Amino acid sequence: MTNLKVATITEQSNHASGYKIRARSLNAGKLINVDDHNSFVNYNLSYNGDNIPLAPANVPIYSTTNKGTFTKDVKITYNQPTNFSAGVYQDTVQFTIEAN
């Protein structure tokens with residue numbers, strides 16, 4: 001699956017120096033089976049068209065010196081495995097906004 005839109009993020013900042021966005025992935029870019037943690041699917045995310053690093057720590061992914069309200073699309077890309085366990089696969093990705 002390539003570039004499947006999974007979210008639209010609305011960012012709003014009134015700080016004169018703009019803002020930055022950070023992201024983190026609880027499972028470091030892996031969709032992990034909730035019942036069988038040895039079964040997982042690696043994936044990539046793009047934010048506003050740019051691939052972002054998926055790490056357990058907050059990583060800067062975007063910065064601007066503008067203030068205002070903006071929307072950005074988040075899309076997922078992954079290769080569907082041919083042999084994996086049935087079940088629910090999940091990861092948690094957290095986005096944070098902070099003033100420059």
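Q: Quick one on Met 1: what does Met 1 count as, at 48% relative accessibility?
A: Partly exposed, because its relative accessibility is 48% and the partly exposed class runs between 20% and 50%. Keep in mind that this is a predicted model.

Q: Where does Met 1 lie?
A: Met 1 is in the segment before β1, the strand covering 4-13.

Q: And which residues form a nonpolar patch on the surface with Met 1?
A: Leu 4 and Val 6. Together with Met 1 they have about 270 Å² of accessible area.

Q: OK, zooming out. How many helices and strands are in the chain?
A: Zero helices and nine strands. From the N terminus on, the elements read β-β-β-β-β-β-β-β-β.

Q: What does the C-alpha trace span along its principal axes?
A: About 50 × 25 × 15 Å. The chain has 100 residues, and 28% of them count as buried.

Q: How much area does the chain expose, and what share do carbon and sulfur atoms supply?
A: About 6,300 Å² is exposed, with 46% of it from carbon and sulfur atoms.

Q: What about contacts, what share comes from residues 24 or more positions apart?
A: Taking contacts with a separation of 6 or more, residues 24 or more positions apart account for 85%.

Q: Now the inside. Which residues touch the most other members in the largest nonpolar core?
A: Leu 31, Tyr 43, Leu 45, Tyr 47, Ile 52 and Ile 61, out of 15 residues in that core. The elements giving two or more residues to this core are β2 (19-25), β4 (40-47) and β7 (68-78).

Q: Which element gives the most to this core?
A: β4, with four residues.

Q: Then let's stay with β4. How many bridges join β3 to β4?
A: Three, and the two strands run antiparallel, with β3 at residues 30-33. Lys 30 stands opposite Asn 42 in β4. The hairpin joining β3 to β4 goes through six residues.

Q: And β4 with β7, how many bridges?
A: Five, in the antiparallel sense. One pair to look at is Asn 44 with its bridge partner Thr 77 in β7.

Q: In which sense do β4 and β5 pair, parallel or antiparallel?
A: Antiparallel, over three bridges, with β5 at residues 50-52. Their hairpin has two residues between the strands, and Asn 48 takes a positive phi near 60° there.

Q: Which residue does Leu 45 stand opposite in β5?
A: Ile 52. Beyond its neighbours within four places in sequence, Ile 52 is in contact with Ala 23, Leu 45, Tyr 47, Ile 61 and Phe 95.

Q: Is Ser 46 buried or exposed?
A: Ser 46 is buried, because its relative accessible area is 6% and the cut-off for buried is under 20%. The residue sits in strand β4.

Q: What is Ser 46 in contact with, leaving aside neighbours within four places in sequence?
A: Asn 3, Asn 51, Asp 73, Val 74 and Lys 75. Lys 72 is 26 residues from Ser 46 along the chain, and their C-alpha atoms are separated by 9.8 Å.

Q: Last one: where is Thr 92 found?
A: In the loop between β8 (89-90) and β9 (93-99). Thr 92 counts as partly exposed, at 48% relative accessibility.

Q: How far apart are Thr 92 and Arg 24 in space?
A: 8.3 Å, C-alpha to C-alpha, although they are 68 residues apart in sequence. Apart from neighbours within four places in sequence, Thr 92 is in contact with Arg 24, Ser 25 and Leu 26.

Notes
Residues numbered from 1 in each chain as written. Predicted model: local features only at pLDDT ≥ 70, side-chain atom pairs only at ≥ 80, totals over all residues. Heavy atoms only, no water. Patch = residues over 30% accessible without salt bridge, like charges linked within 9 Å, V, L, I, M, F, W, Y side chains within 5 Å. Areas by Shrake-Rupley, 256 points an atom, 1.4 Å probe, with all protein chains shown as cover. Salt bridge = Lys/Arg side-chain N within 4 Å of Asp/Glu carboxyl O. Buried < 20%, exposed > 50% of the residue type's maximum accessible area, 1.4 Å probe, protein only. Core = buried A, V, L, I, M, F, W, Y, C linked by side-chain atoms within 4.5 Å. Contact = heavy atoms within 4.5 Å. Pairing = 2+ DSSP bridges.
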